[in-house]
Amino acid sequence: MNKKTIEGLQILSISLIWLLFLGIAVWIVTLIKESLKLHDAPDASVGISIVAIPVFFLLASVLTYVFVGLRKGRKEHTER
């Protein structure tokens with residue numbers, strides 16, 4: 001694979017993981033709002049959100065950190 005293809009796939013991967021994180025966060029917030037609107041106990045939604053939101057945020061952050069580090073390392077290597 002050439003350099004442009006790899007960079008494009010990395011950007012696509014970062015974009016998709018952040019889109020997944022935002023989708024899950026919006027979905028869980030919507031579940032909590034809906035359960036409050038229906039006067040239901042939001043225990044399950046809150047329990048899921050306490051675990052899911054930080055886990056997906058951590059995964060997205062690590063993936064972004066790795067790809068940014070790879071790009072910086074590649075730039076430093078080519079400048080030498």
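These notebook entries record what I looked up in a predicted model of a protein chain.

**Entry 1. Overall build**

I began with the secondary structure and found two helices and zero strands in the protein chain. I then took the radius of gyration, which is 18 Å, well over the 12 Å that the globule rule gives for 80 residues, so the chain is more spread out than a compact globule. Along its principal axes, the C-alpha trace spans about 65 × 20 × 15 Å.

I next looked up burial and found that buried residues make up 18% of the 80 residues. For the accessible surface I noted a total of about 6200 Å², with 72% of this belonging to carbon and sulfur atoms.

**Entry 2. Contacts and charges**

I asked how contacts in the protein chain are distributed along the sequence. Of those between residues at least 6 apart, 74% join residues at least 24 apart.

I also compared the placement of charges. The chain has 9 positive and 6 negative charges, and the mean positions of the two sets lie 13 Å apart.

**Entry 3. Aromatic pairs**

I searched the whole structure for aromatic pairs, and the search returned three. I recorded two of them in detail.

In one of them, Trp18 and Phe57 have ring centres 5.8 Å apart and planes at 75°. I list this pair as edge-to-face because an angle over 60 degrees counts as such. Trp18 belongs to helix 1 and Phe57 to helix 2 (residues 43–79), so the pair ties together parts that are 39 residues apart in sequence. I checked the exposure of both residues: Trp18 is partly exposed at a relative accessible area of 26%, and Phe57 is likewise partly exposed, at 41%.

Another pair is formed by Phe21 and Phe57, with 5.6 Å from centre to centre and 55° between the planes, and I list it as tilted. Phe21 lies in helix 1 and Phe57 in helix 2, so this pair ties together parts that are 36 residues apart in sequence. Phe21 is buried, and its relative accessible area is 12%.

I noted further that ring pairs link Trp18, Phe21 and Phe57 into a cluster.

**Entry 4. Glu7**

Is Glu7 buried or exposed? I found Glu7 in helix 1, and its relative accessible area of 18% makes it buried, because the cut-off for burial is under 20%. I then looked across the sequence to Arg71, which is 64 residues from Glu7 along the chain. The C-alpha atoms of Glu7 and Arg71 are separated by 8.4 Å.

**Entry 5. Ser35**

I turned next to Ser35, which is found in helix 1 (residues 3–37). Ser35 is buried, with a relative accessible area of 8%. Which residues does Ser35 touch, if those up to four places away in sequence are not counted? I found Asp40 and Pro42.

**Entry 6. His39**

Finally, I examined the loop between helix 1 and helix 2, where His39 is found. His39 is exposed, and its relative accessible area is 75%. I looked up its backbone angle and noted a positive phi of about 55°, although His39 is not a glycine. I marked this value for the record because most residues other than glycine have a negative phi.

How values were computed:
Residues numbered from 1 in each chain as written. Predicted model: local features only at pLDDT ≥ 70, side-chain atom pairs only at ≥ 80, totals over all residues. Heavy atoms only, no water. Helix = DSSP H or I, 4+ residues; strand = E, 2+ residues; numbered from the N terminus. Buried < 20%, exposed > 50% of the residue type's maximum accessible area, 1.4 Å probe, protein only. Contact = heavy atoms within 4.5 Å. Rg over C-alpha atoms; globule rule 2.2 N^0.38 Å. Areas by Shrake-Rupley, 256 points an atom, 1.4 Å probe, with all protein chains shown as cover. Lys, Arg positive; Asp, Glu negative; His and termini not counted. Charge placed at Lys NZ, Arg CZ, Asp CG, Glu CD. Phe/Tyr/Trp six-rings, centres within 6.5 Å; stacked < 30°, edge-to-face > 60°.
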